[in-house]
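Visitor: I'd like to go through this one with you and ask how each label was earned. Can you show me the sequence and the structure?

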Amino acid sequence: MITVNKKWLRLIGIVGCTVWMASCKQATDAGVKPSFAIMEVKAADKELSTSYSATIRGRQDIDIYPQVSGTIEKLCVTEGQTVRRGQLLFVIDQIPYRAALKTAVANVEAARAAMATAELTYNSNKELYAQKVVSEFSLKTAENTYLTAKAQLTQAEAQEVNARNNLSYTEVKSPSDGVVGALPYRVGALVGANLPYPLTTVSDNSDMYVYFSMTENQLLALTRQYGSMDEALKNMPEVELILNDNSVYNKKGVIESISGVIDRQTGTVMARVVFPNESRLLHSGASGTVVVPNIYKDCIAIPQGATVQMQDKVVVYKVVDGKAVSTLITVAGINDGREYVVLSGLQSGDEIISEGAGLVREGTQVK
């Protein structure tokens, strides 16, 4: 009779159970196939929005500098005040300029009298020369004296005009309609044309210019989409402005111009949008975000998760006979960070793997 140790029986049972469980797990794993999200692509109209950081400027931001030197006698406006073209802003001490004008006027009168005397002498010498009383030399001398007096009168008149202009420059007026900016100089301050800061800035805020930068690739994509830059400017939809507090401005703007010169340092072009500003909510110097919609007619749009980037190539996996087949596609340069607009490589009705394309391998059974 054969006797078996109980410990050996227990060990044999444990090993057998383990082998059985492992074989069951392998059988279960062999029966599970990886699942992939699949979508059928269809052509439709698509709008993709692109956001750009932007700066806000008035239609005209004019720095006001004095054209003459002197102390400020009077401030006629306050910060933030709305002014009209030609409205008085500052008055600079006028006393020395009034005195200079009086001197210039007196010089004109003296020069006019000297010229009249020289003219009489010249005319008299012409008559005497005709009667052979004076020599030709005396006649020429009288003529030269008259011409000199005439030139001196012209010079004195020019000095008078300059003196009048200088006096008028003591009244600094607004060159355009707008809103007054900061006033760093007060009454009694000595000012001149070489100030480090302007007397103030008058900003025309009736309409606001909003500037944003567009990359070279985005510029090329726009040009290709519309055929030319002129057509793009004519047909692009209105854009939105998100203010610094994340609120959306209640008026939409129009892209008015796009620079034709690419900045060599940044590789971007400057675009300008015009927004109406009747409420004066927008202020020159503020910042925001421009949201530009791009409308594509009868196009195919796919999630970016359905693509794989291979250097400058974009690949998707089409489902053909239940298997994944890599397909090279061309996408539009402008996108919203979530979807791509496919320009070539896919047709309506094609099936593609819509998620996790980076985990798929060529020929993987997906159906």
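Visitor: What makes the pairing of the Glu-160 and Arg-164 side chains a polar contact?

Guide: Keep in mind that this is a predicted model. The side chains of Glu-160 and Arg-164 come to 2.8 Å, and a polar contact asks for N or O atoms within 3.5 Å, so the pair qualifies.

Visitor: Why is Glu-160 called buried?

Guide: Its relative accessibility is 16%, and buried means under 20%, so Glu-160 gets that label. Glu-160 sits in helix H3, residues 136-169. Leaving out residues up to four places away in sequence, Glu-160 touches Leu-101, Ala-104, Val-105 and Val-108.

Visitor: Why are H2 and H3 called roughly antiparallel?

Guide: Their packing angle is about 160°, and angles over 145 degrees count as roughly antiparallel, so that is the name for this pair. The axes of H2 and H3 are 7 Å apart, and H2 passes H3 in a left-handed crossing.

Visitor: How do you know that Arg-112 and Glu-109 form a salt bridge?

Guide: The closest N and O atoms of Arg-112 and Glu-109 are 3.3 Å apart. The cut-off for a side-chain nitrogen of Lys or Arg and a carboxyl oxygen of Asp or Glu is 4 Å, so this pair is in. Both residues lie in helix H2 (residues 95-130), three residues apart, which is about one turn of the helix.

Visitor: Are Arg-112 and Glu-109 buried or exposed, or what else would you call them?

Guide: Partly exposed, in both cases: Arg-112 has 34% relative accessibility and Glu-109 has a relative accessible area of 47%. Partly exposed is what lies between the 20% limit for buried and the 50% limit for exposed, so both get that label.

Visitor: What about Arg-272 and Glu-256: what makes them a salt bridge?

Guide: There the closest N and O atoms are 2.5 Å apart, and the limit is 4 Å, so the call is a salt bridge. Arg-272 lies in strand S12 (residues 268-276) and Glu-256 in strand S11 (residues 254-258), so the pair ties together parts that are 16 residues apart in sequence. Arg-272, at 22%, counts as partly exposed, and so does Glu-256, at 37%. As for networks, salt bridges with shared partners join Glu-109, Arg-112 and Glu-157 into one.

Visitor: How many salt bridges does the whole structure have?

Guide: The search finds 12. Among them is Asp-177 with Arg-84, whose closest N and O atoms are 3.3 Å apart. This pair links distant parts of the chain, 93 residues apart. Asp-177 is in the loop between strands S6 (171-173) and S7 (178-180), while Arg-84 is in the loop between strands S4 (82-83) and S5 (88-92).

Visitor: Why is Arg-84 called exposed?

Guide: Arg-84 has 55% relative accessibility, and exposed means over 50%, so the word fits. Asp-177, at 29%, counts as partly exposed.

Visitor: One last residue: why is Asn-294 called buried?

Guide: Its relative accessible area is 1%, and the limit is under 20%, so Asn-294 counts as buried. Asn-294 is placed in strand S13, residues 287-303. Its contacts, not counting residues up to four places away in sequence, include Lys-46, Leu-222 and Ile-334.

Visitor: And what makes Asn-294 and Thr-50 a polar contact?

Guide: Their side chains are joined at 3.4 Å, and the cut-off is 3.5 Å, so the pair counts. The Asn-294 side chain also reaches the backbone oxygen of Val-292, at 3.4 Å.

Technical notes. Residues are numbered from 1 along each chain as its sequence is written. This is a predicted model: local features need pLDDT of at least 70, side-chain atom pairs count only at pLDDT 80 or more; totals for chains, interfaces and linings use all residues. Side-chain values use heavy atoms; hydrogens and water are left out. Helices (H or I, at least four residues) and strands (E, at least two) are DSSP runs, numbered from the N terminus. Buried means under 20% relative accessible area, exposed over 50%, partly exposed in between (1.4 Å probe, protein chains only). A polar contact is a pair of N or O atoms within 3.5 Å; within protein, one must be able to donate a hydrogen and the other to accept it, and residues adjacent in sequence count only if both atoms are side-chain atoms. Contact means heavy atoms within 4.5 Å. Axes are lines fitted to C-alpha atoms, for helices over the stretch in contact, and angles run from 0 to 180 degrees between N-to-C directions. Angles under 35 degrees count as roughly parallel, over 145 as roughly antiparallel, 65 to 115 as roughly perpendicular and the rest as oblique. A crossing is left-handed if the near helix is turned anticlockwise from the far one by less than a right angle, and right-handed if clockwise.
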